[in-house]
Amino acid sequence: MGLLSILRKLKSAPDQEVRILLLGLDNAGKTTLLKQLASEDISHITPTQGFNIKSVQSQGFKLNVWDIGGQRKIRPYWRNYFENTDVLIYVIDSADRKRFEETGQELAELLDEEKLSGVPVLIFANKQDLLTAAPASEIAEGLNLHTIRDRVWQIQSCSALTGEGVQDGMNWVCKNVNAKKK
Amino acid sequence: MRLKRFLVRYYPPGIILEYEKGGELKTKSIDLLDLSPETDVAELTEEIKKTEPLITASRTEQVKQLIQRLQEKLGQQDDRRFYLFKVLRAHILPLTNVAFNKSGSSFITGSYDRTCKIWDTASGEELHTLEGHRNVVYAIAFNNPYGDKIATGSFDKTCRLWSAETGKCYHTFRGHTAEIVCLSFNPQSTLVATGSMDTTAKLWNIQTGEEAATLTGHSAEIISLSFNTVGDKIITGSFDHTISLWDVQSGRLIHTLIGHRGEISSAQFNWDCSFIATGSMDKTCKVWDAVNGKCLATLTGHEDEVLDVCFDYTGQLIATASADGNARVYSASSQKCIAKLEGHEGEISKICFNPQGSRVLTGSADKTARLWDVNTGQCLQVLEGHTDEIFSCAFNYEGDTIITGSKDNTCRIWR
């Protein structure tokens with residue numbers, strides 16, 4: 001994936017290609033999720049200092065997924081990647097209750113972004129394999145997701161580690177991008 | 001017309017004549033692109049004397065000496081090994097492109113962190129950070145050979161012109177409606193050309209900061225552009241599978257080079273402006289007659305997309321880099337494959353010659369840069385250390401320093 005391939009993925013995608021932006025706080029599990037989607041080894045994942053891009057086939061779509069590092073100092077650069085986004089996937093560490101407020105704030109800011117207006121958003125309540133994980137319903141309530149009215153949204157509990165729930169989320173993505181691209 | 005003095009140019013070999021005409025100081029160059037250590041100096045001097053009226057009998061001895069000096073330089077053995085000198089970690093996000101100034105005293109790096117940084121090559125110290133862009137700084141250039149200005153092209157759709165000495169921004173060129181992904185100064189350093197995802201290229205006047213021309217005609221993103229050595233023509237390579245040749249003065253389209261069956265990745269002129277080489281996603285490189293726009297040859301052999309092409313400084317060799325992980329060197333005139341450079345374990349995104357034309361440098365997704373012998377195709381060195389893909393690499397003009405820019409947010413100096 002050299003610079004040129006990145007430029008090609010930057011173009012507004014043709015009908016059967018979907019540009020997905022994967023965001024969330026650091027340590028939410030975005031890269032693990034990306035690798036799980038691409039059926040790659042997830043045993044050695046380090047904090048993302050930049051970005052990762054992978055293309056996966058799903059239900060007749062080519063999903064170009066952009067996983068962007070979530071550390072605080074690089075969050076201001078998320079907007080580098082907003083252009084031509086078809087679906088936003090926001091990943092939350094469901095076991096890290098101390099940071100629910102922080103993650104809720106970041107999500108709210110994203111939903112206010114003009115370049116992401118109307119873009120369907122899927123929220124992955126990740127790390128459900130941990131005993132201390134909050135259920136999706138609790139997160140939805142804590143983050144006031146029910147107040148989102150300017151777009152379609154969905155919260156899906158999952159474990160990027162075991163893969164549980166991931167496919168369900170992607171099915172929702174394909175269904176809803178379909179509606180938008182039509 | 002009165003000859004004032006001689007200047008010698010090593011790469012590509014040539015002698016520059018500085019002369020006076022009607023009270024005005026002018027220069028012209030005698031290109032010696034075929035010069036080798038074996039060339040008969042007396043014979044060559046005679047030839048020059050016959051064709052160049054400025055070279056009179058009293059000057060021939062001087063010309064002879066200059067040619068001998070060039071030959072000495074060309075004959076120097078080049079068995080240098082490169083070692084990692086410095087790792088520059090000042091960018092907080094992946095790098096895009098890197099570029100040296102002509103003397104090699106400083107170089108610049110563009111980054112996803114929206115800045116371009118100017119570095120001192122000898123110490124590895126950061127001299128300036130060019131801040132102002134609101135998105136990725138993708139395309140960067142010095143106005144070589146002068147080296148006093150820098151242009152940056154950004155995903156924020158603007159191009160900025162900066163002072164290389166103070167880091168001050170002179171102009172912000174606005175007008176493109178999508179990401180700027182390639183740019184170049186003309187050789188006179190009076191214009192900057194920018195190519196954009198908005199399918200147009202624009203020429204900007206450096207002095208006034210105003211748009212001089214918009215080159216419209218492509219039906220898809222422009223990804224590569226290059227001025228010829230004289231600066232009166234420019235080519236643009238596009239994702240629409242074609243290359244366009246434009247007249248700089250009028251902004252008029254002269255030829256469209258049609259024949260590739262995939263997106264263009266790179267388009268370059270050679271030194272004497274006789275050839276154009278283009279790389280494409282159709283797995284081939286094509287060589288075109290730069291005057292009439294006809295395709296002279298299709299260089300096949302790669303098993304995947306050709307991601308970069310370049311000429312050596314004399315314009316006699318072409319190197320191609322491919323997503324198949326291999327690179328190749330071809331003769332520009334015979335279009336025969338001279339060497340296959342095999343060994344990378346991932347796609348090669350960037351390729352360049354050293355100014356001497358004896359080595360090829362490749363940067364790859366396998367996190368290494370490699371140095372190759374042009375004649376044997378042998379890999380001479382693997383530059384290891386980056387922890388992620390290498391996006392860009394470059395030689396300085398002396399050919400004794402290499403810089404590599406990577407997705408791992410670092411730039412490394414090797415010497």
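**Group meeting: one residue in chain A, then a tour of chain B**

Let's start in chain A, with E106(A), which sits in helix 3, residues 100-112. Keep in mind that this is a predicted model. Is E106(A) buried or exposed? Its relative accessibility is 16%, and the cut-off for buried is under 20%, so E106(A) counts as buried. What does its side chain meet there? It makes a polar contact with the side chain of R75(A), at 2.9 Å. R75(A) also appears among the residues that E106(A) touches, next to L25(A), W78(A) and Y90(A). That list leaves out residues up to four places away in sequence.

Now chain B. I'll begin with helix 2, residues 60-75. There are 16 residues in this helix. At 1.5 Å a residue, they should span 22 Å. The end C-alpha atoms are 22 Å apart, so expectation and model agree.

Which residues of helix 2 of chain B are buried? They are T60(B), V63(B), L66(B), I67(B), L70(B), Q71(B) and K73(B). Look down the helix axis: these buried residues fall within an arc of 160°, so they line one face of the helix. And what do they pack against? Three elements of chain B: strand 1 (2-9), strand 2 (14-21) and helix 1 (41-51).

Next, an open sheet in chain B. Four strands, order 5-6-7-8, antiparallel pairing. Strand 5 (95-100) and strand 8 (126-130) are the edges, and each pairs on one side only. From one strand to the next, the twist averages 20°. Let me pick out one pair. Strand 5 and strand 6 (residues 106-111) of chain B run antiparallel, joined by four bridges. To find the register on screen, go to V98(B): its bridge partner in strand 6 is T109(B).

Further along chain B, stop at S224(B), in strand 17, residues 222-227. This serine is buried, with a relative accessible area of 7%. What surrounds it? Leaving aside residues up to four places away in sequence, S224(B) touches C182(B), I235(B), T236(B), G237(B), S265(B), S266(B), A267(B) and Q268(B). Take two of these in turn. S266(B) is 42 residues away along the chain, yet the two C-alpha atoms are separated by 5.3 Å. With A267(B), the contact is to the backbone: the side chain of S224(B) reaches its nitrogen at 3.0 Å.

Last stop, a second open sheet in chain B. Again we have four strands, in the order 25-26-27-28, and the pairing is antiparallel. Which strands are at the edges? Strand 25 (306-311) and strand 28, each pairing on one side only. Here the twist averages 15° from one strand to the next.

Walk inward through this sheet. Strand 26 (residues 317-322) and strand 27 of chain B run antiparallel, with five bridges between them. One register point: I318(B) has Y330(B) in strand 27 as its bridge partner. On to the next pair, strand 27 (residues 327-331) and strand 28 (residues 337-341) of chain B. These also run antiparallel, and four bridges join them. Here V329(B) is partnered by A339(B) in strand 28.

Finish on the turn. How many residues lie between strand 27 and strand 28 of chain B in the hairpin? Five, and in this hairpin Q335(B) takes a positive phi near 60°.

Key
Residues numbered from 1 in each chain as written. Chains lettered and ligands numbered in written order. Predicted model: local features only at pLDDT ≥ 70, side-chain atom pairs only at ≥ 80, totals over all residues. Heavy atoms only, no water. Helix = DSSP H or I, 4+ residues; strand = E, 2+ residues; numbered from the N terminus. Expected span 1.5 Å × (residues − 1). Buried < 20%, exposed > 50% of the residue type's maximum accessible area, 1.4 Å probe, protein only. Arc of directions from axis to C-beta. Contact = heavy atoms within 4.5 Å. Polar contact = N/O pair within 3.5 Å; in protein donor to acceptor, adjacent residues only side chain to side chain. Pairing = 2+ DSSP bridges. Axes fitted to C-alpha atoms, helices over the stretch in contact; angles between N-to-C directions.
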